[in-house]
Amino acid sequence: MSLTRKRVMVTGGAGFLGSHLCERLLAQGNDVLCVDNYFTGRRDNIAHMLPDPHFEVMRHDICFPLYVEVDEIYNLACPASPVHYQHDPVQTTKTSLIGAINVLGLAKRVGAKVFQASTSEVYGDPTVHPQTEDYRGNVNPLGPRACYDEGKRCAETLFFDYRRQHRLPIKVVRIFNTYGPRMHPDDGRVVSNFIVQALRGDDITIYGDGSQTRAFCFVDDLIEGFIRMMATGAEVTGPVNLGNPHEIPVRELAERVVALVGSPSKIVYRPLPQDDPMQRCPDIGLAQRLLGWGPTVELEQGLLRTIDYFANLLGVPAKSGVGTAGR
Ligand code: NAD
Ligand code: UDP
Ligand code: UDP
């Protein structure tokens with residue numbers, strides 16, 4: 001039986017998305033190798049999988065070469081929150097570029113299919129709305145977000161050059177804002193910030209006037225898109241947008257979180273960070289056509305599950321009454 005198991009490596013496997021992906025891959029009957037340096041990931045995210053003999057963890061920074069034998073690779077290693085990727089911008093660029101080169105070199109040596117977690121940030125502060133995959137973006141190459149945006153853009157270039165030069169089977173997805181259980185409480189991204197602030201009764205910090213928009217995808221939907229993308233034939237390379245096209249202003253998100261938590265928190269306004277995109281929403285037509293994929297979890301449902309998770313984590317009673325155990 002074990003001879004037919006696929007060996008799948010997930011870089012960034014102890015992070016928010018990576019841990020959900022590892023869980024899903026194990027449930028499908030694969031051997032999973034989780035590679036992580038714990039920069040933003042947590043052992044708590046993967047602790048429940050450790051007893052599984054088909055799950056293996058390696059503490060490793062992908063900026064250094066890695067020699068293992070695997071059939072498929074999902075490359076998720078990279079801090080994703082603006083606060084964290086700007087904390088050590090040089091390391092962020094190294095992770096995106098040198099990490100991609102090592103992962104691609106490994107894939108080339110063993111003939112593995114290789115998946116890249118790219119991002120809607122490749123579109124920068126977009127002038128085309130909603131964003132389609134053929135839009136080339138509006139990125140400031142010198143600003144504080146560039147370490148991430150340009151790093152991810154160049155990683156895409158590397159993936160397509162390894163494809164052209166070495167015929168590597170590649171899969172590139174561009175992920176739009178995704179949220180859910182296992183985000184770090186100090187992650188700094190908007191959904192986790194607002195929920196943690198609301199549960200603690202702290203002020204809800206809106207940056208700018210809150211008119212900027214985002215479209216939020218629940219993690220389970222995104223992981224389904226990953227799996228479908230990896231299962232496509234060699235002719236499908238992407239890039240493919242994955243996200244939920246339900247777009248809302250950040251101010252509305254704050255109001256909805258406060259109402260769902262039943263929080264006494266008040267909303268306060270803070271300066272808008274430099275180069276913060278004013279609007280963002282995926283066009284998911286390509287994912288629908290290629291993968292038969294679309295999000296199924298409504299924002300309210302996803303927020304309630306995430307509130308429940310953080311309430312459990314912080315030891316605060318959830319007033320949402322959703323009642324599912326945090327994961
Ligand atoms: P996360 O910060 O929770 O996970 C990233 C993981 O990568 C962490 O476990 C971290 O420790 C690990 N890591 C970072 N640098 C590493 C290195 N050099 N070597 C090994 N491990 C390293 O973030 P996430 O939301 O789970 O994001 C996962 C991937 O998806 C990232 O590549 C991110 O750019 C991409 N993405 C996520 C979103 C989103 O909304 N969640 C949106 C766009 C793109
Ligand atoms: N690499 C790796 N694991 C492997 C094979 C390669 O980490 O199993 C690294 C290797 O250190 C190299 C990078 O991947 O720096 C790119 O490898 P490639 O073979 O594409 O390029 P080259 O070694 O010719 O520079
Ligand atoms: N944001 C906010 N308050 C917060 C955190 C973020 O108003 O406490 C805003 C941020 O300025 C941006 C949006 O929410 O306009 C989404 O930010 P996030 O960091 O989640 O991800 P981004 O989409 O900017 O990468």
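In this predicted model, a nitrogen atom of ligand 1 sits 3.1 Å from an N or O atom in the side chain of Thr95. Two further side chains reach this ligand with polar atoms: that of Lys152 lies 2.8 Å from an oxygen atom of ligand 1, and that of Arg189 lies 3.0 Å from a nitrogen atom. On its own, ligand 1 would expose 820 Å², and the protein buries 97% of that area. Helix α1 (16-27), helix α4, strand β5 (113-119) and helix α5 are the elements that each give two or more residues to the surrounding shell. Strand β5 provides the largest share, with 3 residues. In total, 30 residues surround ligand 1, and the closest are Leu17, Asp36, Thr40, Tyr148 and Thr178. Sorted by class, this shell holds 14 nonpolar, 12 polar and 4 charged residues.

Ligand 3 comes next. Here the side chain of Asn193 places a polar atom 2.8 Å from an oxygen atom of the ligand, while a polar backbone atom of Thr205 is 2.6 Å from a nitrogen atom of ligand 3. The side chain of Asp276 also takes part, with a polar atom 2.6 Å from an oxygen atom of ligand 3. Of the 520 Å² of accessible area that ligand 3 has on its own, the protein covers 95%. Two elements give two or more residues to its shell, namely α6 (190-200) and β8 (204-207). The shell counts 18 residues, of which Val190, Thr205, Arg214, Asp276 and Arg280 come nearest. By class, the residues around ligand 3 are 7 nonpolar, 5 polar and 6 charged.

Ligand 2 has its own set of neighbours: Pro65, Leu66, Tyr67, Ile101, Asn102, Gly105, Leu106, Lys108, Arg109 and Tyr162. Helix α4 (residues 89-110) gives the largest share of this shell, 6 residues. Polar atoms of the ligand and protein meet at several places. A backbone N or O atom of Ile101 lies 3.5 Å from an oxygen atom of ligand 2. In the side chain of Lys108, an N or O atom is 2.9 Å from an oxygen atom of the ligand, and for the side chain of Tyr162 the corresponding distance to an oxygen atom of ligand 2 is 2.6 Å. Taken alone, ligand 2 exposes 520 Å², and 65% of that is buried by the protein. Its shell divides into 6 nonpolar, 2 polar and 2 charged residues.

Besides the ligand shells, the model shows open space in the protein itself. The second largest pocket has a volume of about 200 Å³. Its lining is made up of Val122, Tyr123, Glu133, Tyr135, Arg136, Gly137, Arg153, Glu156, Thr157, Phe160, Arg174 and Pro239. Helix α5 (residues 146-166) supplies the largest share of this lining, 4 residues. The lining residues fall into 5 nonpolar, 2 polar and 5 charged.

One of the lining residues, Tyr123, leads on to Asn241, since the side chains of Tyr123 and Asn241 are joined by a polar contact of 2.8 Å. Asn241 belongs to strand β11 (residues 240-242). With a relative accessible area of 0%, Asn241 counts as buried, because that value is under the 20% cut-off.

Key. Residues are numbered from 1 along each chain as its sequence is written. Chains are lettered from A and ligands numbered from 1 in the order in which they are written. This is a predicted model: local features need pLDDT of at least 70, side-chain atom pairs count only at pLDDT 80 or more; totals for chains, interfaces and linings use all residues. Side-chain values use heavy atoms; hydrogens and water are left out. A residue is near a molecule or strand if one of its heavy atoms lies within 4 Å of it. A polar contact is a pair of N or O atoms within 3.5 Å; within protein, one must be able to donate a hydrogen and the other to accept it, and residues adjacent in sequence count only if both atoms are side-chain atoms. Accessible areas come from the Shrake-Rupley method with a 1.4 Å probe; for residues, only the protein chains shown count as cover. Ala, Val, Leu, Ile, Met, Phe, Trp, Tyr, Cys and Pro count as nonpolar, Asp, Glu, Lys and Arg as charged, and the others, Gly among them, as polar. On a 1 Å grid over the protein atoms alone, a cavity is a set of points where a 1.4 Å probe fits but cannot get out, and a pocket is an open set with protein on both sides within 12 Å along at least five of seven lines; lining residues have an atom within 4 Å of a point. Grid points are joined across faces, edges and corners, and a volume is the space filled by probe spheres set on the points. Buried means under 20% relative accessible area, exposed over 50%, partly exposed in between (1.4 Å probe, protein chains only).
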